[in-house]
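Open the model in a viewer and keep the sequence panel visible. The stops below can be selected one after another.

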Amino acid sequence: MRAEAEQLVESIKQSVGLLRRHLDVDAATRRLAELNAKSEDPNLWTDPEFAEKLMRERTMLEDRLGSLAKIERDLDDAATLVDLAETEGDHAVEAEGIAALRALKAEGERRQLEALLSGEADANDSYVEVHSGAGGTESCDWARMLLRMYARWAERRKFKVELIEETAGDEAGIKSATIVVKGHNAHGWLKTESGVHRLVRISPFDSNARRHTSFASVWIYPVVDDRIQIEVNESDCRIDTYRASGAGGQHVNKTESAVRITHLPTGIVVACQSERSQHKNRATAWNMLRARLYELELEKREEKANADAASKTDIGWGHQIRSYVLQPYQMVKDLRTGHVSSSPADVLDGDLDPFMEASLAQRLSGRTVAVEDVE
């Protein structure tokens, strides 16, 4: 039991260390004191929106600081209990201490996961854009597979998925598509999926059954809610209308109801054709543009804008974040964290949580690893 106790204590200490660094305990304590002082202002609730935001932040900090302090206290108590029990040869009490350490380890892991999803927009719904890259029909088919993968992941989590825009490929698949995933922490989970995804397989479109490599890019950005104000000047935008594409018959619009907005200063382009009404499509497109501009601002704060832009604009070799190999062997490998799955079928059916958790944990720890791509 002694070896297990030592392992548990070390694991819990690592969790505590990560949580302390992520929370920045000194800064959080000072901020909580400021919020407590402001909450005592008798005029606070004259601005209900500001007051709610303040109280929400206060509650969050109290919970995180309190839970961290409790884990540290309980760790000290449980470790002391195990040491005393071992010294006295009391196996029943030692087992009790070990059980307490196991529960603390689980609590630490749960709190780590909460910390991973504590970004400013993590609780929001999320847009998912997929674009085909190098590889023609192969890449269009791969883009369609990726779109389905994220839709299946969302369904597993009981999230709602809505198609915003889709441009069909010339022969198969899609050139591009945008969906919105609606659910608590949708963006927090999806945010690490932005980048180029690489597929290696025997092409179903090649009569000689040769192995092909295809690329598609995924772009994730949060749905901006009423709490986040983003100002956009219409003079900075070009608005185009066009006929929505469809499967034919009654699904093809006879009027130019689809809307595309180009933000000239940044080059950001958004489009919506999900509604028959141009007015509704225009409103959705404006919301998408505000979300994209907000995400751009978040990236600037994190000093990652250049790297993310490069991974998005060049959809090909050297920029992939994950490789999916279906032949001659079965493997999915994340090139940022090194996380591997030997079941591509499950991953493509939405089993993405292990990859997302590994990427989020890497952000929390700040550690990077050198990972070689698969052939």
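In which loop is the place of proline 328? Select proline 328: its place is in the loop between strand S9 (320-325) and strand S10 (331-334). Helices (H or I, at least four residues) and strands (E, at least two) are DSSP runs, numbered from the N terminus. Show the backbone here, and the peptide bond from glutamine 327 to proline 328 appears as cis, with omega near 5°.

Some ground rules before moving on. This is a predicted model, in which local features need pLDDT of at least 70 and side-chain atom pairs count only at pLDDT 80 or more, while totals for chains, interfaces and linings use all residues. Residues are numbered from 1 along each chain as its sequence is written, and side-chain values use heavy atoms, with hydrogens and water left out.

**Whole chain**

Zoom out to the protein chain. There are ten helices and eleven strands in the protein chain, and its C-alpha trace spans about 80 × 65 × 35 Å along the principal axes. Of its 375 residues, 43% count as buried; buried means under 20% relative accessible area, exposed over 50%, and partly exposed in between (1.4 Å probe, protein chains only). The exposed area of the protein chain is about 19,500 Å², with carbon and sulfur atoms supplying 48% of it; areas come from the Shrake-Rupley method with a 1.4 Å probe, and for residues only the protein chains shown count as cover. Among contacts with a separation of 6 or more, 66% join residues 24 or more positions apart, contact meaning heavy atoms within 4.5 Å.

**Aspartate 24 and helix H2**

Next, select aspartate 24, found in the loop between H1 and H2. Aspartate 24 is not a glycine, yet has a positive phi of about 55°. Most residues other than glycine have a negative phi, and most peptide bonds are trans. With a relative accessible area of 41%, aspartate 24 is partly exposed.

Extend the selection to helix H2 (residues 25-39). At 1.5 Å a residue, its 15 residues should span 21 Å, and the end C-alpha atoms are 21 Å apart, in agreement; the expected span is 1.5 Å times one less than the number of residues. Which residues of H2 are buried? They are Val25, Ala28, Leu32 and Leu35. Viewed down the axis of H2, the buried residues fall within an arc of 80°, so they line one face of the helix; the arc is that of the directions from the helix axis to the C-beta atoms. Helix H1 (2-23) and helix H3 (48-88) are among what covers these buried residues. Turn to the face of H2 directed away from its buried side to find the exposed residues Asp26 and Arg30.

**Helix H5 and lysine 158**

Now select H5 (137-156). H5 has 20 residues and reaches 29 Å from its first C-alpha to its last, close to the 28 Å expected at 1.5 Å a residue. Is H5 mostly covered or mostly open? It is mostly covered, with 15 of its 20 residues buried.

After H5 comes lysine 158, with a positive phi near 65°. Lysine 158 lies in the loop between helix H5 and strand S2 (160-168) and is exposed, with a relative accessible area of 75%.

**Lysine 280**

The last stop is lysine 280, in helix H7 (residues 278-301). Lysine 280 is partly exposed, at a relative accessible area of 47%. Add alanine 258 to the selection: C-alpha to C-alpha, lysine 280 and alanine 258 are 9.5 Å apart in space, and 22 residues apart in sequence.
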